[in-house]
Amino acid sequence: MRKYQQLALLLISCFSVGILMMYKSENNRLKYVLKYVNFFGRNDAAVLRRLQNGTDTEDEHQLLKTAFSKPLPVWQLIGDSFHAYSAYWKRNELVAGGEAHVIVVGRKGAVVDFRCNFDVGGRSVQGKFRFQRDATEGVVDDSGATFTYYNFFCQVSRNFGQPEYVSFSDTTASTKRQVKLRLRYVKPVNANTNSNKDTKTTTTNSSPGHVRLPATICVDLVSFNMSSPFARNADAMLQFFLFHQALGVEHFLVYNYDELSENVVGLLERTKLQLYGLPFNFPFLQTNTTTARIRQLILSDCLLRNVNYAGFTMLLTPNEILYPNARFASDTTRALQQQLRHFSPETSRFELATFAVCFDDHKKLLLDNVQYDPEIKAPYKLLLYRLELPPTQLLLPTASTVELPLSSGFAHRYVDCQHVGKDGLHDWRNGVREDLMDHINTLRNEVDLLI
């Protein structure tokens, strides 16, 4: 009798396990069906937001790529002795007409005599030509230069529509011909900039395709010594971009982009950084005496290219890194762009104290280099530009400038300290406030994780 009871219990147990397995299988199938029924039938705001943000990011990147790198600047011959790099169209705000502003270099001593016209919808419109030598001519690197930096202008006093090209013909040339330059619009078509300055990215109301960034950086690889120990160190070059990315800068306009090594470019492609490569096939001999003048050429193009697309910009070489007391854009009132807007609207340039920090390629992070030589003279001032004034005012050497205190931020220029001055080396951390140093260490830790 006891054997039959045990057999019955065994059969009941097997039957129960079978039912349980069947129930589990059916339950899983039911959950699978309900999962997809629920997905297609619900209004999941979070999912929709992520999808929308992904689309917006792609659209924004495409718009900025067009804005920053099209038409692609390139030095081209426009006369027997003159070359043009980039051409910008600026429409007048209060009166009819506008003008094309062209960055030009010419052989030193060459006669300037041009005629110009515009291509508007397939028809030619005669313009009035004028020119001016750059304001820095005769002030910097005047001796030994074989070229002169000019700004060419072609003006019209009536509204003929939006021109696509400006053409120049050199009346002194042996062969008379017109050279067409494709125009880039300084102000986006139908753009009316939103006054909301607090957002990370500002778009316009009337032109949904216009994007205004908190800040950009123009990278000068033309005058930078690419054979220096800093340039040969891939980690150091990479940190230039990563430190500024930690500050909120994600868009870099790189002049002479082909000089960047494939290794560095490959590593940067894994980040969210956007690099815009701009060629610089300069037609004249470049020497140590022409460095400042060529830098001024690049700076002019950088400012004109960023006006109405960014709130702030800087021209830096890869061995120059900015360390402000806050990020460019954040949700707090301490954001750098908010601090700088407390200054007068006429102030367009902010000068930063610069330390010549001794570079040691054996150190992992640039901030681990703590010694600087106070006797090394800076070749130029590092200026942060606020892009809220008209381009003509931004380009003036007399534009209003404010020297920022050390508590607001500073910059490092990493150099080779082969010949130390009589005063010896100093520790740059000694003069930095504790709160600023904490902020810098936070940036250091973020970059350390990426490296």
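**Disulfide close-ups in a predicted model**

**View A. Cysteine 116 and cysteine 154 are joined by a disulfide, with an S to S distance of 2.1 Å.** In this predicted model, the link of cysteine 116 and cysteine 154 is right-handed, with 90° about the S-S bond. Cysteine 116 belongs to strand β4 (residues 114–120) and cysteine 154 to strand β6 (residues 147–156), so the bond ties together parts that are 38 residues apart in sequence. Both partners of this link, cysteine 116 and cysteine 154, are buried.

**View B. A disulfide between cysteine 218 and cysteine 302 connects a strand with a helix.** The S to S distance in the link of cysteine 218 and cysteine 302 is 2.1 Å. Cysteine 218 sits in strand β10 (residues 211–220), whereas cysteine 302 sits in helix α6 (residues 291–306), and the pair therefore ties together parts that are 84 residues apart in sequence. Because the torsion about the S-S bond of cysteine 218 and cysteine 302 is about 85°, this disulfide is right-handed. Cysteine 218 has 0% relative accessibility and therefore counts as buried; cysteine 302, at 0% relative accessibility, likewise counts as buried.

**View C. Cysteine 358 and cysteine 417 form a disulfide between a strand and a loop.** The sulfur atoms of cysteine 358 and cysteine 417 are 2.0 Å apart. Cysteine 358 lies in strand β15 (residues 349–358), while cysteine 417 lies in the loop between β19 (409–415) and β20 (426–427), so that the pair ties together parts that are 59 residues apart in sequence. The torsion about the S-S bond of cysteine 358 and cysteine 417 is about -90°, which means that the disulfide is left-handed. On the strand side, cysteine 358 counts as buried because its relative accessibility is 13%, and buried means under 20% relative accessible area. On the loop side, cysteine 417 has 22% relative accessibility and therefore counts as partly exposed.

**View D. The structure holds three disulfides.** With bonded cysteines counted along the chain, the disulfides of the protein chain follow the pattern 1-2, 3-4, 5-6. The links shown in the preceding views join cysteine 116 to cysteine 154, cysteine 218 to cysteine 302, and cysteine 358 to cysteine 417.

Conventions
Residues numbered from 1 in each chain as written. Predicted model: local features only at pLDDT ≥ 70, side-chain atom pairs only at ≥ 80, totals over all residues. Heavy atoms only, no water. Disulfide = S-S within 2.5 Å. Helix = DSSP H or I, 4+ residues; strand = E, 2+ residues; numbered from the N terminus. Buried < 20%, exposed > 50% of the residue type's maximum accessible area, 1.4 Å probe, protein only.
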